[in-house]
Amino acid sequence: MNSNNAAYVRGVGNTRYVKKADQSVEALAVTAIDAAAADAGIAVSDIDGIIVYHGHIGTDEVIAQLRLPDVKLRAIIDIGGASAVSALQMASLYVLNGAATNVLLVRAIKGNSGPRKAKRRSFLPSQQFRTQLEYVAGCNTPAQRYAFLCRRYMHEHGLTREHLAEIALAARAHANLNPDAQMYERTLDMDEYLSGRVIADPYWLYDCCLETDGACAVVVSAQPGTDGQRPAVKILATEEGHADPPDDITNRDPFLHVGLEKAAARLWDSISLGPDDMDAAMVYDCFTFEVAHQLEAAGFATPDTIGRLILEDGIRLGGKLPVNTHGGLLSEGHMVGLNHIVEATRQLRGECGPRQVSGARHVAITGWGNLGDGSITVLGRHDGSA
Amino acid sequence: MDLRDVPAPDLEDPLFQPYWAGAAEGKLVLPRCSGCERVNWPPRSVCPHCRSTESAWAEHQPHGTLFSWTVVGRATAPGYHEVPYAVGIVALDDAPVRLMGTIVGAEPSALVMDMPMSARFAPAGSSPEFTLVQWEPTADLSATPTNPGS
Ligand SMILES: [Zn+2]
C-alpha cells in the first residue's frame with residue numbers, strides 16, 4: 001500500500017545482541033520496548049496495538065509484563081522473515097484507519113542459548129509436503145532448502161563464491177562499526193570465510209545468519225512524534241508478495257521466481273522513487289545468496305548486473321548501494337528482520353555514527369521468509385514539521 | 001547410507017499413499033489429474049488448474065536430470081546421522097515435474113548440473129519400514145538396466 005497520508009516509524013529500541021544473555025526473554029523485551037517508547041516520546045501505556053512473530057515473545061506476555069491498560073488489537077504475521085516488513089503495512093493500516101494509535105512491533109528471543117533451532121516447531125505452510133517429501137530425503141532446514149536456489153542461480157547467472165564471500169565480509173565490516181552487534185569485536189577476512197565448515201553447500205559457516213539472544217522494538221504511529229526536534233521517518237510504501245506456489249520450492253516455474261518480485265514491482269509503481277533513489281538497502285540476509293537474489297528481485301540489479309553491483313559498484317559503506325549497514329542477520333544479530341527496520345530508521349535520522357550513510361534520505365528494506373514470501377518497504381526522511 | 005532411523009511419513013495419507021505403495025514395488029508412481037491431465041507434484045487434493053478432485057496414478061520412467069542439489073555438512077534431519085550427503089532436485093524426463101531425493105552412488109564433488117539421474121529404491125525406516133526413492137547418476141545411457149531397483 002501507498003498513501004499520501006502515510007504512517008511513521010515513531011520510535012525504535014533494542015538491547016545489545018549477544019550469544020548468551022543473562023536476562024530472560026521477557027526482560028530483554030521490556031528493555032527494548034521501554035527504549036522504543038522513550039524514543040517515540042510516548043508512555044509505554046500508550047501502546048494499544050501489538051504485532052509479533054512465532055517463537056518470539058507473544059502479545060499476551062507483552063501486555064502482562066508491561067501492564068498495558070488497553071490493547072485494542074494484536075496480530076501475528078506468519079510469513080517468516082518477510083513478516084517484519086509486512087507488519088509495517090499492517091501497522092500503517094491500523095494507525096491510519098484509527099483502529100489503534102501506537103502499534104508496537106517486537107522481537108525478543110534467546111535464539112542461541114534457548115532451544116536449538118532444529119528442535120523448534122516448524123511454522124512452514126503445507127506441513128505434509130515437509131514430512132512426506134523433504135524430511136524423508138534428509139532436508140529439513142532453511143539452509144538446505146535455499147541452497148537449491150543458490151546453486152541453480154549460480155549456475156544460470158554466473159554468481160560465484162567471491163560474490164557470496166563479499167556479502168558476508170561486507171556485513172561483518174559493518175558490524176565492526178556497530179557496538180550493539182553480536183560480532184562487533186570479531187573481524188572476518190577472506191581466509192577465515194573460506195575456512196568455514198560446510199553447513200549446506202554452497203552455504204558454508206559464514207554464509208549463514210547468526211543465532212542471537214536479544215530484543216528490538218519499533219513503534220508505528222500516525223504522528224511522527226518528533227516535535228520538529230529531529231527528522232521524522234515516514235513509511236512511504238510497503239508491499240508483500242508470494243511465489244507461485246508459496247508452499248513448495250521444487251516445482252516453481254520459473255524456479256527462481258519469488259514473491260519479492262511481485263511486491264517490488266507494485267512498490268516502485270506506487271511511489272515516485274526507484275531503486276536508484278535509495279541511499280541504502282537493508283536486505284533480509286538469512287544467508288549470503290538471499291541478499292543477491294533479493295537485490296535482483298527488488299530491482300536493484302538484473303541477473304546480468306548483480307555480480308557487478310556486489311563486487312565493483314559496491315555494497316559496503318561508501319559503495320554505490322550500502323547494504324545492511326548494521327551488519328544484518330549475518331553479523332549484527334538475528335531479530336528476524338525487525339533490526340533492519342531499526343537500522344533504516346536510525347540511518348534516516350543520521351544517528352549511526354561511524355557507519356552513517358551521509359545524507360541518507362531514502363532507505364529500502366526487504367523481507368524474505370518461509371519458502372519465498374517477500375516484502376519490501378521504503379522509509380523516507382522528512383524534515384521539519386510533518 | 002544407513003536409512004533405518006529415518007522416520008516414516010504417514011504412509012496412509014491418501015494424498016501420498018499410492019506413491020509409497022508404488023515405491024515399495026520399485027515403481028515411480030505419480031498422480032495425473034483426471035480433469036486436465038496435468039501431473040501435479042507435489043500432489044494436491046484439489047487440482048489448482050481445473051478444481052478436479054480426481055487423480056489417476058500412473059507409473060513413470062525413473063529417469064531425469066539433476067536440477068539442483070545441496071551437500072549437507074551439518075546433520076539436522078531425523079535419521080540422517082552421517083554427513084556429508086547430498087540432497088537433490090531431479091527434473092523428470094517424462095513429465096514436467098521435479099522430485100526431491102537423496103543423491104547416492106557418487107561423491108558429492110562429482111555431481112554436475114543437469115547430469116542424467118536414475119531412481120534407486122531403498123529400504124528405509126524400522127517401524128514401519130518403507131521404501132525411499134533415491135537418485136544416482138545414470139551409469140551409462142546405453143547400459144541403463146531395465147530394472148534400476150536391482
Ligand atoms: Zn486438473
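Biologist: In this predicted model, how do the residues lining the second largest pocket divide into nonpolar, polar and charged?

Modeller: Start with the lining as a whole, which counts 17 residues. Three of those are polar. The rest of the lining divides into seven nonpolar and seven charged.

Biologist: And what volume does that second largest pocket have?

Modeller: Picture the spot first: P245(A), N251(A), N40(B), W41(B) and H49(B) are the lining residues closest to the pocket's centre. The space there comes to about 480 Å³.

Biologist: Let's go to the enclosed spaces. How many cavities of 30 Å³ or more are there, and what is the volume of the largest?

Modeller: The cut-off is 30 Å³, and three cavities reach it. The largest of them has a volume of about 170 Å³.

Biologist: Which residues sit closest to the centre of that largest cavity?

Modeller: The lining has 19 residues, with 13 nonpolar, four polar and two charged. Closest to the centre are L133(A), Y19(B), L99(B), M100(B) and G101(B).

Biologist: Which elements give two or more residues to that lining?

Modeller: Chain A brings in helix 4 (127-134). From chain B, the elements are helix 1 (17-24), strand 5 (98-103) and strand 7 (130-137).

Biologist: Now some helix packing. Are helix 6 and helix 9 of chain A roughly parallel or roughly perpendicular to each other?

Modeller: Their axes are 8 Å apart, and the angle is about 100°. Angles of 65 to 115 degrees count as roughly perpendicular. Helix 6 of chain A and helix 9 of chain A are therefore roughly perpendicular.

Biologist: What classes of residue make that contact between helix 6 and helix 9 of chain A?

Modeller: Helix 6 of chain A puts in L164(A), I167(A) and A168(A), while helix 9 of chain A offers T288(A), F289(A), V291(A) and A292(A). Sorted by class, charged residues are absent, and the contact has one polar and six nonpolar.

Biologist: How does helix 6 of chain A lie to helix 10 of chain A, oblique or roughly parallel?

Modeller: Helix 6 (residues 161-175) and helix 10 (residues 306-314) of chain A have axes 10 Å apart and an angle of about 55°. That angle makes helix 6 of chain A oblique to helix 10 of chain A.

Biologist: Is the crossing of helix 6 and helix 10 of chain A left-handed or right-handed, and which residues of helix 10 make the contact?

Modeller: The crossing of these two helices of chain A is left-handed. Helix 6 of chain A contributes E162(A), H163(A), E166(A) and I167(A). By class, the contact has three nonpolar, two polar and two charged residues. On the helix 10 side of chain A, the residues are G307(A), I310(A) and L311(A).

Definitions and conventions. Residues are numbered from 1 along each chain as its sequence is written. Chains are lettered from A and ligands numbered from 1 in the order in which they are written. This is a predicted model: local features need pLDDT of at least 70, side-chain atom pairs count only at pLDDT 80 or more; totals for chains, interfaces and linings use all residues. Side-chain values use heavy atoms; hydrogens and water are left out. Axes are lines fitted to C-alpha atoms, for helices over the stretch in contact, and angles run from 0 to 180 degrees between N-to-C directions. Helices (H or I, at least four residues) and strands (E, at least two) are DSSP runs, numbered from the N terminus. Angles under 35 degrees count as roughly parallel, over 145 as roughly antiparallel, 65 to 115 as roughly perpendicular and the rest as oblique. A crossing is left-handed if the near helix is turned anticlockwise from the far one by less than a right angle, and right-handed if clockwise. Contact means heavy atoms within 4.5 Å. Ala, Val, Leu, Ile, Met, Phe, Trp, Tyr, Cys and Pro count as nonpolar, Asp, Glu, Lys and Arg as charged, and the others, Gly among them, as polar. On a 1 Å grid over the protein atoms alone, a cavity is a set of points where a 1.4 Å probe fits but cannot get out, and a pocket is an open set with protein on both sides within 12 Å along at least five of seven lines; lining residues have an atom within 4 Å of a point. Grid points are joined across faces, edges and corners, and a volume is the space filled by probe spheres set on the points.
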